[in-house]
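Biologist: Please take a close look at the sheet in this structure, together with whatever packs or binds around it. I would like the account in one piece, with the cut-offs behind each term.

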Amino acid sequence: MLHDRDLSARAEIVAAQLDALFDSLPSGYECDKQLATFNDSYTYGEIQTRDIAVIAHNVTEPAQLTFAELGSGLGKFAIAAGFFFKHSFGIEFAPERSAVAQRALVALGERAPPNVALTTGDLREFPLHCIDVVFAHNLVFSSGLERALELKLDCELADGVLLLSSAMFSNIHAAF
Ligand SMILES: C[S@@+](CC[C@H](N)C(=O)[O-])C[C@H]1O[C@@H](n2cnc3c(N)ncnc32)[C@H](O)[C@@H]1O
């Protein structure tokens with residue numbers, strides 16, 4: 001089992017590597033300009049890559065667990081999770097951002113964790129059974145999306161699943 005210090009050190013290395021790579025790719029904000037249709041839920045904001053250490057710290061054996069990010073944007077965080085978790089899934093609605101995520105995986109080549117799957121689609125349709133750790137950077141989700149997601153989490157999350165979100169869900173107390 002990795003100790004906090006090891007987790008943080010590893011997250012710093014992963015973050016430095018991914019930050020350097022993503023500097024050469026279009027940003028989430030540049031993608032915004034290309035979005036054919038836009039609604040409030042697509043507003044972009046990025047969690048710090050190194051915060052993956054905080055998530056990995058909150059579970060006992062990340063290497064045995066499956067991680068999913070709902071609304072994975074350019075895929076940076078979901079890719080970082082692949083360095084810590086057994087499997088990492090990301091689902092992103094905006095094809096422009098999803099395309100950048102695929103480019104990032106290709107650019108990483110052999111350095112890309114092989115256990116990462118990034119797909120284009122609606123998080124409301126992403127199956128959550130078999131996922132152990134769910135993360136959503138949901139600060140700017142519209143109230144409609146937030147309600148739908150809350151309902152979905154309520155129906156689909158099994159006991160013991162760790163739910164992490166950047167904004168509290170009103171009826172789910174496990175979030176922080
Ligand atoms: C605040 S950004 C977070 C980006 C990334 N997760 C991060 O933290 O670095 C939220 C993302 O959720 C995506 N999104 C919004 N509605 C969605 C939906 N219904 N299904 C999938 N993704 C969605 C947006 O396009 C955006 O890229």
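Modeller: Ala107 is found in helix H5; helices (H or I, at least four residues) and strands (E, at least two) are DSSP runs numbered from the N terminus. The model is a predicted one, in which local features need pLDDT of at least 70 and side-chain atom pairs count only at pLDDT 80 or more, while totals for chains, interfaces and linings use all residues. Residue numbers start from 1 along each chain as its sequence is written.

Ala107 counts as partly exposed because it has 13 C-beta neighbours inside 10 Å. The scale is this: a residue is buried with 20 or more other C-beta atoms within 10 Å of its own, exposed with 12 or fewer, and partly exposed in between, the C-beta atoms being placed from the backbone. From Ala107 to Ala68 there are 39 residues in sequence and 22 Å in space, C-alpha to C-alpha. Helix H5 spans residues 95-108 and lies across S2 and S3, running at about 155° to S3. Such angles run from 0 to 180 degrees between N-to-C directions, with axes taken as lines fitted to C-alpha atoms, for helices over the stretch in contact.

Now the sheet itself. Five strands form an open sheet in the order S3-S2-S1-S4-S5, with parallel pairing. Strand S3 (116-120) and strand S5 (162-165) are its edges, each pairing on one side only. On average, neighbouring strands of this sheet are turned by 15° against each other, direction ignored. Two strands are said to pair if DSSP finds at least two bridges between them. In general, strands of a sheet pair through backbone hydrogen bonds, either parallel or antiparallel.

S1 is joined in the parallel sense to S2 over five bridges and to S4 over three bridges. Glu69 shows both connections: its bridge partner in S2 is Gly90, and in S4 it stands opposite Phe135. The ladder continues from there, with Leu164 as the bridge partner of Phe135 in S5. Strand S4 (residues 133-136) and S5 run parallel and are joined by four bridges. Val134 stands opposite Leu163 in S5. The side chains of S4 alternate: Val133 and Phe135 point one way, Val134 and Ala136 the other way, and all are buried. S2 is largely enclosed by the rest of the structure, because five of its six residues are buried.

Before S4 comes the loop from S3, which holds Cys130. Cys130 has a positive phi of about 80° although it is not a glycine. Cys130 is exposed, because 10 other C-beta atoms lie within 10 Å.

The loop between strand S1 (66-70) and H4 contains Leu74, and Gly73 lies there too. Leu74 counts as buried because it has 28 C-beta neighbours inside 10 Å; Gly73 counts as buried because it has 25. Outside its neighbours within four places in sequence, Leu74 is in contact with Phe22, Gly28, Arg97, Val100, Ala101 and Ala104, where contact means C-beta atoms, placed from the backbone, within 7 Å. Leu25 is 49 residues from Leu74 along the chain, and their C-alpha atoms are separated by 9.4 Å. With its neighbours within four places again left aside, Gly73 is in contact with Gly28, Tyr44, Glu46, Glu92 and Arg97. Gly73 and Glu92 are 19 residues apart in sequence and 5.7 Å apart in space, C-alpha to C-alpha.

The ligand brings Gly73 up again. Of the 23 residues around the ligand, Glu46, Gly71, Gly73, Phe93 and His137 come nearest. Helix H4 (76-82) and strand S2 (87-92) are the elements that give two or more residues to this shell. A residue is near a molecule or strand if its C-beta atom, placed from the backbone, lies within 6 Å of it. The shell has 10 nonpolar, six polar and seven charged residues, with Ala, Val, Leu, Ile, Met, Phe, Trp, Tyr, Cys and Pro counted as nonpolar, Asp, Glu, Lys and Arg as charged, and the others, Gly among them, as polar.

Last, the core. The largest nonpolar core has 43 residues, and Ile52, Ala80 and Ala81 have the most contacts inside it. A nonpolar core is a set of buried Ala, Val, Leu, Ile, Met, Phe, Trp, Tyr and Cys residues joined through C-beta atoms within 7 Å. Ala80, leaving aside its neighbours within four places in sequence, is in contact with Val14, Ala15, Leu18, Thr49 and Ile52.

Terms used:
Two residues are in contact if their C-beta atoms, placed from the backbone, lie within 7 Å.
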